[in-house]
Amino acid sequence: MLDWKKIRADFPILNRKVNGKPLVYFDNAATSQTPKQVIDVIVDYYSNYNANIHRGVHSLSQEATDKYEAARHTIQHHFNAKHAYEIILTSGTTESINLVAHGFASLLEKDDEVIVSALEHHSNIVPWQMLCEKTGAILKVIPMNQNGELEMDSYSKLLSNKTKLVFVNHISNALGTINPIEKIIEQAHNVGAAVLIDGAQSCPHVKPDVQALNVDFYVASAHKMCGPTGVGMLYGKEEWLNKLPPYQGGGEMIDQVSFTKTTYAGLPHKFEAGTPNICGGIAFGAALNYMNAIGFNNIAAYEKELLDYGTKRLLEIEGLKIYGTSINKTSVISFNLKGIHPYDVGTLLDKMGIAVRTGHHCAQPIMDYYKIPGTIRASFAFYNTKAEIDTLIEGVKKAKMMLS
Amino acid sequence: MQSIKEIQDEIIDEFSMFEDWEERYQYMIDLGKDLPLIDEQFKTEDNIIKGCQSKVWVHAELKNNALEFTADSDAIITKGIIAILIRAFSNQHPKDIIEANTDFIDKIGLKEHLSPTRANGLVSMIKQIKMYAIAYQTQLS
């Protein structure tokens with residue numbers, strides 16, 4: 001049995017007060033908090049071995065390079081990639097997606113089809129729209145139902161030999177729905193299309209096995225899984241990464257340079273132009289080690305308890321409606337109070353020290369579907385407690401009273 | 001007629017009586033609930049300011065050399081703040097509106113609502129109020 005109280009004590013920020021009240025942090029789907037084990041790694045880097053990597057002969061540079069590459073291996077093992085060079089370190093999920101979209105611009109032809117889902121974050125819609133505008137490819141959308149689940153029958157019908165790419169998030173950021181990515185990948189492969197899965201929301205909760213999934217691209221951000229901001233990863237199958245052209249030109253990504261011709265470095269450096277977020281990459285590895293030490297099965301089981309408890313307690317409040325009611329969902333609860341704007345509730349909750357996200361969660365198509373301006377989203381992590389959920393319930397009741 | 005500064009001081013005085021955030025916010029919520037702030041015909045796409053979080057509508061009319069503002073929002077706290085802004089700026093001469101500042105919002109503890117990152121439409125609303133004032137000032141001079 002894990003001692004969740006002890007685990008919570010790893011997070012210094014959870015002891016602070018906001019507006020004079022103890023912080024209740026329920027905005028984990030936007031960014032997770034950082035344990036002292038990861039903060040220590042960041043401090044250690046800048047205190048002891050800050051240097052540029054891959055080019056210095058001096059000891060500090062060697063040390064930094066070794067730690068950075070060790071982090072790449074940690075990430076490789078975490079996602080069970082076949083090779084470490086299939087892990088590209090990026091600035092985050094958004095950059096990872098843009099890197100692939102940029103690469104496909106040279107592979108797509110007019111009237112090719114690209115499929116996205118209705119549950120996507122804007123960062124997984126806009127790059128593909130830009131890609132389609134550029135190439136003349138056509139963007140198709142897998143529709144969703146009232147529960148916030150994808151309509152798989154419609155998906156099957158959208159697929160054809162024209163489909164070249166399918167992009168779906170593993171878990172919806174706005175609703176928490178876990179999408180049936182195994183089926184999505186298999187069906188896409190049956191028509192010869194490549195699949196990119198956006199794991200920004202799933203990686204804090206589950207441990208994806210990219211080989212078992214047989215996925216072509218998988219992307220994630222460190223800051224959603226106890227790591228720092230500004231760093232993330234792109235997993236790509238070797239054959240796909242070799243097909244894509246480099247994303248940005250610069251240092252690190254070259255083999256030979258002259259004014260007549262430049263040859264590019266091999267994987268993964270071909271996609272890692274310039275000095276990377278060295279400290280961030282190392283801390284990303286430390287964050288994965290931290291989460292794996294707790295264990296993703298333990299995390300999932302505990303978060304399920306929080307989700308069930310939070311759902312039950314919130315539904316006790318009259319006039320409260322939850323959006324995203326799939327039985328396959330993670331610890332995200334998106335809700336509204338009848339006749340009350342989410343911004344008002346969020347503002348009052350903040351006054352009570354409770355951090356939730358309000359608005360459209362960068363997923364306007366979902367809000368349009370439900371015909372609402374946005375929702376209040378409470379997202380739980382393994383360091384949250386039922387007592388904090390009780391505080392949220394009292395807060396929502398109070399906001400409702402003040403606003404009604 | 002009271003000047004903008006006098007009205008703002010009056011608002012600061014009123015807010016100083018509230019003991020905590022709850023009283024302050026309850027007052028704003030009540031302001032937001034009570035006031036019919038804009039004629040329905042002016043709640044058009046042209047008059048809308050889209051914040052990421054809440055929407056704001058603002059409309060201006062020149063009456064007897066003074067600028068009358070009406071506005072609305074879909075969020076009630078935003079609407080409460082609009083009511084306060086309108087009280088301070090409406091029915092004033094465009095020149096005075098151009099010269100006025102919004103420091104009083106800080107003094108009544110609502111500064112965070114005017115942060116550009118808040119994306120509730122209020123910052124753009126103030127900008128819009130000033131733009132109207134500049135436009136009408138040009139007409140008057």
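Two residues are taken to be in contact if their C-beta atoms, placed from the backbone, lie within 7 Å. By this criterion, in the predicted model, the contact between the two chains takes eleven residues from chain A and 13 residues from chain B. On the side of chain A that touches chain B, at least two residues each come from α12 (342–351), β16 (357–359) and α14 (386–403) of chain A. Among these elements, α12(A) gives the most, with five residues. In character, the residues on this side of chain A comprise five nonpolar, four polar and two charged.

Chain A also contains an open sheet. Strands of a sheet pair through backbone hydrogen bonds, either parallel or antiparallel. Here, seven strands of chain A are arranged in the order β4-β10-β9-β8-β7-β5-β6, and the pairing is mixed. The edges are occupied by β4 (87–90) and β6 (138–142) of chain A; each has a single partner strand, so one side of each is left without a neighbour in the sheet. From one strand to the next, the twist averages 20 degrees.

At the edge formed by β4(A), the pairing with strand β10 (residues 232–236) of chain A is antiparallel and extends over four bridges. Within this pair of strands, Ile87(A) stands opposite Tyr235(A), a residue of β10(A). Elsewhere in the sheet, β7 (163–169) and β8 (194–198) of chain A are crossed by helix α7 (residues 181–190) of chain A, which runs at about 175 degrees to β7(A).

Notes. Residues numbered from 1 in each chain as written. Chains lettered and ligands numbered in written order. Predicted model: local features only at pLDDT ≥ 70, side-chain atom pairs only at ≥ 80, totals over all residues. Nonpolar A, V, L, I, M, F, W, Y, C, P; charged D, E, K, R; others polar. Pairing = 2+ DSSP bridges. Axes fitted to C-alpha atoms, helices over the stretch in contact; angles between N-to-C directions.
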